[in-house]
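Thanks for coming, everyone. Let me put the model up, and then we'll walk through it piece by piece.

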2 protein chains.
Amino acid sequence: MKKAVTLNSVAVEAGVSRATASLVLRDSPLVSLETRDRVICAMDKLGYIYNRGAANLRGQKTGTIGLVLCDIGSPFYSQLMLGIDEVIVDANIVAILVNSAENPDRQLRQIRRLREHGVDGLILCPAAGSSDALLSEIERLHLPCVQVLRHVSQRNGNYVGPDYADGTSLAVTHLVRHGRRKIAFLGGRPVHSAARERLDGFRKTLKKHKLEHDLIIPTHLENLSDLGSFPELLASSTPPDAVVCYNDMLAQSVMGYLLARGKMPGRDFAVIGADDLPQSAVSFPTLTTIVTDPVGVGRNAARLLLDRIDNPTTSSTRILVSGQLMIRQSCGGQLP
Amino acid sequence: MKKAVTLNSVAVEAGVSRATASLVLRDSPLVSLETRDRVICAMDKLGYIYNRGAANLRGQKTGTIGLVLCDIGSPFYSQLMLGIDEVIVDANIVAILVNSAENPDRQLRQIRRLREHGVDGLILCPAAGSSDALLSEIERLHLPCVQVLRHVSQRNGNYVGPDYADGTSLAVTHLVRHGRRKIAFLGGRPVHSAARERLDGFRKTLKKHKLEHDLIIPTHLENLSDLGSFPELLASSTPPDAVVCYNDMLAQSVMGYLLARGKMPGRDFAVIGADDLPQSAVSFPTLTTIVTDPVGVGRNAARLLLDRIDNPTTSSTRILVSGQLMIRQSCGGQLP
DNA sequence: GCAATATATTGGAACTATTCAAAAACGGAC
DNA sequence: GTCCGTTTTTGAATAGTTCCAATATATTGC
């Protein structure tokens, strides 16, 4: 193993001091053109690689942020990362990705680990069951933090997420306008803010239309074939005529279930999903869905975090990215 | 901004030298129990945070690896990350994620950036169009590297990926056994090894069964509604009776297209996908698919990389993770 | 009981690659 | 010779690790 090429070896090669080489590195106007050329030449010749770790020791920024997700296996999160990446790549910042796997203990360990690595800030999708002590712990570590998709506290902390309540409300209103009267909500449990807000929007909108019946069916989201009590409900004497699903994957599963039993989604029964995954536009029937724009959420979260890193403040910002309803075949209307 | 708590302040608080505190930090047996307790107490009291950056300066490992993906928005890659994470989290290693976005120039810039951050190694899914100069550049940076899913050179470099050729062959053989005679391949272009290996397996297996006809239909994979010339082919006087698709997403799109035209996949026409995404088990009809086990690929890649970091060697290892055919309704057999 | 030796523990200082503030060197004009 | 602006260098600072030496304590031999 040959020894590393340091800024010092570059300086020696170019016949200047280490400090001068450092100035060249950072495009300082304080060095003469002639010297700059000589130093750059030496760098090329020796194959110098900048050591950011050493620089970080002196400076205060490391140019890294931490990304704490609770299920890196989910396609929804990859869209989120796409939005984040788009913003940070221009700012010359790099993301360290860790997985809390919905486990608050592991989440805390991973956050500490990120802190040891010196990340400048955190984008955090809190694991279900996180207490709001999490935020004070993060503050104790002096880490700027933006929560995404879920939040642990109604009041404190920065947050960027879709307007779940509004989206769900749009879906229900659309169904009511098209004559559906017995609308169920399928999927999830109110274990975190994202689920609670969906349910709030659902209940509130039903109430507004004087259609109060509590057809809320919990399922295990990690298992797509789990439709909870939906099959029994459908077979009952007073079945629902529409269902709003927690997300598109579940909605596709419901459509598969209906089709396999000879029911045509959109005619016999209305189905609405959420997230607008690409496949929802090409399935049969095509799926009506609440657009939640994960890329937009990611972009906004990254921008907010970068701002908080540059301008530390204790005040909280909350951004709700508003959605819309992408109306397709699965909720009625035009069918082939 | 109060000044940071360093190992030195901890040492002062505990009444020992910095060196002793460092030994406590790393569980050295050289310190007495009594001293250890005092130091740990002081750490808790001051809220000490280990600064890995400073440690990295002297040591040679940083405990980070780089993950260079070409499309972080794709669900397939999130499964890959799941497998990687599973392995590295136990090794106390953290992954920095960057996106090449299928752009070789951007890919190189990102790799250099990772190198500046001092990553110990690289897991790389090379962007389409990468030349094999990429590998020598990475070697020049003294970065151990494992390619995943695709490789830029037939001979050199470590590689872990699914056995695409074998998987495609399994699919074709199954179709032939069930009486299909005119089998098309849908999706992609031979722009990287993963696509080429699929096509090789496809052609070779057709040849084996003396069914040589070149029904290979290129599409733009990023656009699920692009089925290339498939619609025209289907409407022609001699339509195919089966199609093997590049992946499950595309296969689902094909099934949607068929259903919308009154054709039932599995009866009138056989469809096979690849990757075994969760939704393929619950769609209507359920999708027969080539299992590529991205989690397994991730696990193997991470293990190989960790080994190469600890035992640097120039020899290349290639691991093909073998797949199987998950037989469901879309290719015939039992239908409701 | 004392010196010699062994062992456990701790401290000092060098080392890592960079940044930064302050000082110095240099050249030209007056 | 002094003043001034530009360019360059010096040396301290950053927060750890690690080698080597020093000290304190324990054990052994005589």
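Start with Ser153(A). This serine sits in the loop between strand S4 (145-148) and strand S5 (158-162) of chain A. Helices here are DSSP runs of H or I with at least four residues, strands are runs of E with at least two, and both are numbered from the N terminus. Ser153(A) has 9% relative accessibility, so it counts as buried. Buried means under 20% relative accessible area, exposed means over 50%, and partly exposed is in between, with a 1.4 Å probe and protein chains only. What does Ser153(A) touch, leaving aside neighbours within four places in sequence? Asp132(A), Leu135(A) and Arg318(A). Contact means heavy atoms within 4.5 Å.

A word on ground rules. This is a predicted model, where local features need pLDDT of at least 70 and side-chain atom pairs count only at pLDDT 80 or more, while totals for chains, interfaces and linings use all residues. Residues are numbered from 1 along each chain as its sequence is written, chains are lettered from A and ligands numbered from 1 in the order written, and side-chain values use heavy atoms, with hydrogens and water left out.

Now the DNA. Take strand C. There are 25 residues around DNA strand C, and Leu7(A), Ser22(A), Tyr48(A), Ser17(B) and Thr35(B) come nearest. Near means that a heavy atom of the residue lies within 4 Å. Of the strand C atoms within 4 Å of the protein, 69% belong to sugar or phosphate, and the rest to bases.

Next, polar contacts. For protein and DNA, that is a pair of N or O atoms within 3.5 Å. Within protein, one atom must be able to donate a hydrogen and the other to accept it, and residues adjacent in sequence count only if both atoms are side-chain atoms. On strand C, a polar side-chain atom of Tyr48(A) lies 2.4 Å from a phosphate oxygen. For Arg26(A), a polar side-chain atom is 2.9 Å from a phosphate oxygen. Arg58(A) goes to a base: its polar side-chain atom is 2.9 Å from a base oxygen of strand C. H2 and H4 of chain A, together with H2 and H4 of chain B, are the elements that give two or more residues to this surface.

Over to strand D. Here 24 residues surround the DNA, the closest being Thr35(A), Arg58(A), Leu7(B), Ser22(B) and Arg26(B). A backbone N or O atom of Ser17(A) lies 2.8 Å from a phosphate oxygen of strand D. Arg58(B) has a polar side-chain atom 3.3 Å from a base oxygen of strand D.

Look at helix H7 (residues 133-140) of chain B. Leu134(B), Leu135(B), Glu137(B) and Ile138(B) are buried there. Why do they line one face? Seen down the axis of H7(B), the buried residues fall within an arc of 160 degrees, so they line one face of the helix. That arc is taken from the directions from the helix axis to the C-beta atoms. They pack against helix H6 (104-116), strand S3 (122-124) and strand S4 (145-148) of chain B.

Last, backbone oddities. Most residues other than glycine have a negative phi, and most peptide bonds are trans. Asp27(A) is not a glycine, yet has a positive phi of about 55 degrees. At 62% relative accessibility, Asp27(A) counts as exposed. The bond from Phe284(A) to Pro285(A) is cis, with omega near -15 degrees. In chain B, a cis peptide bond joins Phe284(B) and Pro285(B), with omega about -15 degrees.
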